[in-house]
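Biologist: I would like a close look at one residue of this model, and then at how the rest of the chain is arranged around the question. Please explain each term as you go.

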Amino acid sequence: MADAATPRRVARRTFLGWWLASLMTATVITGLAPILVYFWPAPPKGQKKELITVPLDKPIDQLEDGSATQILAPTSPNSAFIMADGGGDNAPGDLAFGGFVVKNGGKVSVFAQNCSHLGCSVAFNKDAKTFDCPCHGSRFKIDGTVLHGPAAVPLSHLSWKQGGDPKQVQVDGIVLGF
Ligand code: FES
């Protein structure tokens with residue numbers, strides 16, 4: 001009969017079994033970790049969604065009808081606007097680094113500058129009052145709808161509201177933190 005005060009001895013076979021199991025577990029974790037990090041990367045530090053305040057040349061209520069004012073996301077810290085809708089190469093939640101505040105028929109809208117064909121930046125054509133893409137020739141009417149392909153769907157909207165100052169817009173965006 002074993003003495004209760006005598007410490008239990010671990011058999012060599014048991015010890016080797018546990019040692020091998022630990023070694024195999026550590027090897028598997030070491031091998032899998034980079035793969036898991038690839039599929040579920042940690043969110044970059046400092047990224048946060050917020051309203052991005054952008055200054056305008058003139059108060060919103062003084063924008064001329066038929067005008068488009070370019071806005072750019074701040075670069076310090078690096079930020080981007082978030083598309084509210086989309087189609088073609090654009091999708092809701094995609095990022096845009098610039099856009100246009102447009103007044104058309106008395107209504108103010110804000111569009112992302114990304115062409116819905118393959119994402120090039122469109123430019124406003126003041127004379128024709130269209131957004132023209134330099135890459136493959138797509139053209140959009142001032143209301144963002146397609147005038148000429150190859151783009152097949154309108155420009156994406158950006159959600160916005162007037163800032164505290166009438167010469168500001170606040171656009172849904174994200175501070176990228178790099
Ligand atoms: S990216 Fe604009 S027309 Fe192709």
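Is Ser 22 buried or exposed, and why?

Modeller: Some ground rules come first. This is a predicted model, in which local features need pLDDT of at least 70 and side-chain atom pairs count only at pLDDT 80 or more, while totals for chains, interfaces and linings use all residues. Residues are numbered from 1 along each chain as its sequence is written.

Ser 22 is exposed, because 10 other C-beta atoms lie within 10 Å. The rule is that 20 or more other C-beta atoms within 10 Å make a residue buried, 12 or fewer make it exposed, and anything in between is partly exposed, with C-beta atoms placed from the backbone. Over the whole chain, 23% of the 178 residues are buried.

Ser 22 belongs to helix H1, which covers residues 12-39. Helices (H or I, at least four residues) and strands (E, at least two) are DSSP runs, numbered from the N terminus. The chain has one helix and twelve strands, and read from the N terminus the helix precedes the strands: α-β-β-β-β-β-β-β-β-β-β-β-β.

The dimensions help to place Ser 22. Its C-alpha atom is separated by 44 Å from that of Ile 174, 152 residues further along the chain. The C-alpha atoms of the chain fill a box of roughly 100 × 40 × 25 Å along the principal axes. The radius of gyration is 28 Å, whereas a compact globule of 178 residues would have a value near 16 Å. That radius is taken over C-alpha atoms, and the globule rule is 2.2 Å times the number of residues to the power 0.38.

Now for the buried side of the picture. In soluble globular proteins, nonpolar side chains tend to be buried together. The largest nonpolar core here has 27 residues, of which Phe 81, Val 110, Leu 158 and Val 171 touch the most other members. Strands E1 (48-55), E2 (67-72), E3 (79-82), E5 (98-104), E6 (107-112) and E12 (168-175) each supply at least two residues of this core. A nonpolar core is a set of buried Ala, Val, Leu, Ile, Met, Phe, Trp, Tyr and Cys residues joined through C-beta atoms within 7 Å. Leaving out residues up to four places away in sequence, Val 171 touches Leu 51, Ile 52, Val 54, Phe 81, Val 110, Leu 158 and Trp 160. A contact means that two C-beta atoms, placed from the backbone, lie within 7 Å. Of the contacts with a separation of 6 or more, 58% are between residues 24 or more positions apart.

Some of these strands also form a sheet. E2, E5 and E6 make an open sheet of three strands in the order E2-E5-E6, with antiparallel pairing. E2 and E6 are its edge strands, each pairing on one side only. From one strand to the next, the twist averages 20°; axes are lines fitted to C-alpha atoms, and angles run from 0 to 180 degrees between N-to-C directions. Two strands pair if DSSP finds at least two bridges between them. E2 and E5 have six bridges, with Gln 70 partnered by Phe 100 in E5. E5 and E6 also pair over six bridges; Val 101 stands opposite Val 110 in E6, and Gly 99 stands opposite Ala 112. E5 and E6 form a hairpin with two residues between them, and Gly 105 in its turn has a positive phi of about 60°.

Another open sheet has four strands in the order E7-E8-E9-E10, paired antiparallel. Its edge strands are E7 (123-125) and E10 (146-148). Neighbouring strands there are turned by 35° against each other on average, direction ignored. Two bridges join E9 (139-141) to E10, where Phe 140 has Val 146 as its partner.

Finally, the loops. Lys 129 lies between E7 and E8 (130-132) and has a positive phi near 55°, although it is not glycine. It counts as partly exposed, because 15 C-beta neighbours lie inside 10 Å. In the loop between E2 and E3 is Pro 77, joined to Ser 76 by a cis peptide bond with omega about 0°. Pro 150 is in the loop between E10 and E11 (160-162), and the bond from Gly 149 to Pro 150 is cis too, with omega near 15°.
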